[in-house]
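Biologist: Hey, could you walk me through this one? I'm new to reading structures.
Modeller: Sure, let's look at it together.
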Amino acid sequence: MLLNKSEFLFKQAQKFIPGGVNSPARAFKSVGGIPVFFKKAKGSIITDEDENEYIDYVGSWGPMILGHAYPPVIKAVQDASFNSTSFGAPTEIEIKMAELVRQMVPNVDRVRMVNSGTEACMSAIRVARGYTGKEKIIKFEGNYHGHGDSFLIKAGSGALTLGKPSSPGVTEGTAKDTLNANYNDLDSVEELLKKNKDNVAAIIVEPVAGNMGCIPPQPGFLEGLRELCDEHETVLIFDEVMTGFRLSRGGAQERYNVWADLVTYGKIIGGGLPVGAFGGKKEIMDVVAPVGDVYQAGTLSGNPLAMSAGFAQLSALDKHPEIYVELEEKTEYLKKRLQTVLNEHELDYYLNQVGSMISIFFTPEVVTDFKTANTTNQEFFKVFFHEMLKRGIYLPPSPFESWFLSNTLTYDMLDDTIQAADEALGIAKLKAEK
Ligand SMILES: *Cc1c(COP(=O)(O)O)cnc(C)c1O
């Protein structure tokens, strides 16, 4: 049989790279089939190695809020690269970047740049522990904070998709310091705080969950966490790796008007280059080396290409807040039209949407947490996903991932997506009835 190029490349990749991929979320494990290999993209159109074009709803899992190959980002990277790709010494662009983050997110007095969201979250809990002198952390089942050992206990995203809520290689010693609460359930948090009195350093939460599909916080949930943290002298960490600079200029904090003590960033902040960041109140951030004793470092942290790309993208978002309005209008349009189509096909579904994040769960349940997210019909999603792919729509290859819209999506593209969804849902329904 003649292989297409993705099939050929995937065979080759598996010879040299574990599972053929450098991150499991790309592997198509939960939808089956061959991951598509891409070679270029512009705006919302992404082109694979066989020259097939797709409308992209992954956006590199979030960073591409202004579309692929956004000209100011490309130019910034090109310009910076001529002056060397790294110094391992301070540069002016790092100050500009930190000032801009502070301007967009007023409670981030101090910010430290790292190279990924994982690093940002690992560092943030170390800081919280150093600051409070306490040991345990509370996280939420189905939330994902990167692949740091402390977080791979009932984690979301790829870890959820692979059906391995925790990972071999994480020691019991580490696992015992991570306590799991239920998302949108303040009682479960309060109980853990009581049981571990005076020993919870931090609560880390995705303010809008995006790694078990998109699940918004119920009214009062984030406010309740804020109060509990104040009461128990626990550091509240918002993991805004996904939501930061996406749900508004100031991320989920601004959108819900609940302000954390520490915030972590990734994805959008790097404009598609590997960047993460953690920041917050000066009082807490002052424990970080070299001011304080909590060690945290990185040879390539604050890298000039990465900072230039991130600065170009954040500047555009800072100067054009109307982008958020447009994005939300587009996502609401998509949501309404999807609802109509889902209703016409008489399917059980629950649709969650916040800003430019949206997910369909194929379930009769109301989806508010990990347990209800898991009621989604994964077989149905599989068929739906592949039928969409055939029709030129590239969705996240998992029922437990949010779709990310870019402002380069046009209403024509959204209409094409709905048309494809109508056909794909019809086929998925027929197959399910067989
Ligand atoms: C993607 C993500 C991370 C991990 O970031 P990486 O850059 O992949 O290490 C952490 N937290 C959340 C909420 C994320 O969505």
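Biologist: How many residue pairs are in polar contact between domain 1 and domain 2?
Modeller: There are 10 such pairs, both residues at pLDDT 80 or more. A polar contact is a pair of N or O atoms within 3.5 Å; within protein, one must be able to donate a hydrogen and the other to accept it, and residues adjacent in sequence count only if both atoms are side-chain atoms. Keep in mind that this is a predicted model, where local features need pLDDT of at least 70, side-chain atom pairs count only at pLDDT 80 or more, and totals for chains, interfaces and linings use all residues. Residues are numbered from 1 along each chain as its sequence is written, and side-chain values use heavy atoms, with hydrogens and water left out.
Biologist: And where do the two domains run?
Modeller: Domain 1 covers 5–69 + 321–433 and domain 2 covers 71–319, with bounds from an automatic or database domain assignment.
Biologist: How many salt bridges between domain 1 and domain 2?
Modeller: Just one salt bridge is counted there, meaning a side-chain nitrogen of Lys or Arg within 4 Å of a carboxyl oxygen of Asp or Glu.
Biologist: Switching topic: is Glu-190 buried, partly exposed or exposed?
Modeller: Glu-190 is partly exposed, because its relative accessibility is 29%; buried means under 20% relative accessible area, exposed over 50%, and partly exposed in between (1.4 Å probe, protein chains only).
Biologist: How far is Glu-190 from Phe-238?
Modeller: They sit 48 residues apart in sequence and 18 Å apart in space, C-alpha to C-alpha.
Biologist: And the C-alpha centres of domain 1 and domain 2?
Modeller: Those are 25 Å apart.
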